Amino acid sequence: MSADSREKSYYVTTPIYYVNDAPHIGHAYTTVAGDVLTRWHRQKGVPTWYLTGTDEHGQKVMRTADANNVAPQDWVDKLVADAWLPNWKALNIANDDFIRTTSERHTKRVQNFLQKLKDAGFIYAGKFEGPYCVGCEEFKLPGDLIDDKGQKLCPIHSKPVEIVDEDNWFFKLSDFRESLLKHYKENPEACQPESARNEVISFLEGEVRDLSISRSTFNWGIPVPWDTKQVVYVWFDALLNYATAVGLGDNPDSEGGQKFAKTWPADVHLVGKDILRFHAVIWPAMLMAAGLPVPGKVFAHGWLLVGGEKMSKSKLTGIAPSDITNHFGVDAFRYYFMRAIPFGSDGSFSWEDMGARYTSELANDFGNLASRLTAMIEKYCDGVIPAPANGGELAELLSKTVSTADNAMCALDFQGGILAIMDFCKRINLYVTETEPWVLAKDSANKAKLEEVLYNTAEGIRALAVLLHPVMPETCEKLWDSLGANTLGSISEQKIGEVANWGTLPAGSKVSKSAPLFPRLEE
Ligand code: MSP
């Protein structure tokens, strides 16, 4: 984002992840989606801000640290440094900021926010008695639980809940039921997909209870400013990250205050469907209580399943991203999850499906097209892109592709966006098959036609590189280099709105052969 830009940033967030363990592909799924969404917007020329981070307080993290005989702060410091940050780097995530809930910039702003809510009369002392799932870090209602031979289990973690009986501070969540209902009824885009919105509306149509927002039986958390024997409930602390990271509560003239003005409200909170209520009910109520605007959209995606169940480390079904990227590469990983699973639905990961798509869509349709083109330009045109040609039908199809893909990507339909782009890739393959440049090359009388075909193919691939860049940055950069397209600037500078200008790739660009974009898989 340019420092002097007055335009509000398109602000996207991921959940902040618990650092009781290393990341698995469920976490990577959301973070890659956010990365594709923000990279797409950056290439539209929109000022963008992308935040991710870690949720470090609460009993879940504290108990894991205890079990490992390590102080909680040392535990989280080590995991963030050794596992989380390197994981996002390896997956080529271009986040603008990384927030940790143990950082002072967060804890101070949380305390200020809480104090303001208390001063405004939205917080009162009460007693909480009821079931709590440490896996979810959530106070449960008896109706939420499943009965296993008399034992009450959390339906998400399949583990027994604990009974909490504490004097706590409460937030008047119930005061906001009507305003929230009105908000979701009037703004269908505020909670998506439709199934998530319906779930939230029906929850709000039932009884909404006030929320305990502090805990008094352990101390791994942010002290409640007026009652330091209690720590802030981990979700109340964590939800605030989206706003503390961009300067919540800071003086409007300060750096933080100016950042807040340019960023808040968030445009999209990406969340898994298991944490929808926190984001679509509790979080906007907290903001309403503080007189702040609520987020533009909460989008709940589905779960990656293993054996029909939510994949998770606690159920020992967690797969590390590196297990997959070591075999398929980072870009194939990013592509596969966005392409194979409709965003908003559950999906099962399978090695077979991923292997099949890698070979047919990435290696054959896309990678081979690029290597055939560079080989032909080298062989028939001395390695130099010929003069621009009229793209005709291909150019028309490209215009339609860009508009379909743009609409889909902006609506978080990553699958639809990628499909439109890959259909265009298929069409260029067909064009090459139909025009048979290797036959044209046999007769010098066909030189003009041959150059037209090769230009159009190269130009189509130039567009593919730009359109797929948000999904597969590294591969598309390589392709950009091998097309000799750097005279147009770097690939990140290419604008989605200009991709369809047929004739962009300049004549004379020097093409170079590169290693296959998607090498044959080892067994
Ligand atoms: N710390 C909270 C979020 C606080 S946000 C203010 C939390 N952390 S988590 O690490 O348990 O989960 C983070 C996200 O990962 C959630 O959106 C969750 O849905 C997602 N996933 C965890 N397992 C998943 C799958 N198997 N599949 C897809 N996403 C999954 O909740």
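Pro193 sits in the loop between strand E9 (191-192) and helix H6 (194-205). In this predicted model, the residue is linked to Gln192 by a cis peptide bond, with omega at about -5°. A second bond of this kind is worth finding along the chain: Trp264 and Pro265 are also joined by a cis peptide bond, and here omega is about 0°. Pro265 belongs to the loop between helix H9 (255-263) and strand E14 (268-272).

Another loop draws attention through its backbone angles. Lys149 lies between strand E6 (146-148) and strand E7 (151-153). Its phi is near 45°, which is a positive value in a residue other than glycine.

The packing of helices comes next. Two packed helices are described by the angle between their axes and the distance between the axes. For helix H12 (residues 330-340) and helix H13 (residues 351-381), the angle is about 100° and the axes are 11 Å apart. An angle from 65 to 115 degrees counts as roughly perpendicular, and H12 and H13 are therefore roughly perpendicular to each other. On the H12 side, the contact is made by Ala332, Phe333, Tyr335, Tyr336, Arg339 and Ala340. These residues meet Asp353, Met354, Arg357, Tyr358, Glu361 and Leu362 in H13. Sorted by character, the residues of this contact comprise eight nonpolar and four charged ones, with no polar residue among them.

The ligand offers a further place to look closely. Around the ligand there are 24 residues, and the closest are Asp55, Gly272, Asp274, Leu304 and Met311. Leu304 also takes part through its backbone, where an N or O atom lies 2.8 Å from a nitrogen atom of the ligand. Ile16 likewise contributes a polar backbone atom, found 2.8 Å from a nitrogen atom of the ligand. In the case of Tyr18, a backbone N or O atom lies 3.2 Å from an oxygen atom of the ligand. How much of the ligand's accessible area does the protein cover? On its own the ligand has 660 Å² of accessible area, and the protein covers 96% of this area.

Key
Residues numbered from 1 in each chain as written. Predicted model: local features only at pLDDT ≥ 70, side-chain atom pairs only at ≥ 80, totals over all residues. Heavy atoms only, no water. Axes fitted to C-alpha atoms, helices over the stretch in contact; angles between N-to-C directions. Helix = DSSP H or I, 4+ residues; strand = E, 2+ residues; numbered from the N terminus. Parallel < 35°, antiparallel > 145°, perpendicular 65-115°, else oblique. Contact = heavy atoms within 4.5 Å. Nonpolar A, V, L, I, M, F, W, Y, C, P; charged D, E, K, R; others polar. Near = heavy atom within 4 Å. Polar contact = N/O pair within 3.5 Å; in protein donor to acceptor, adjacent residues only side chain to side chain. Areas by Shrake-Rupley, 256 points an atom, 1.4 Å probe, with all protein chains shown as cover.
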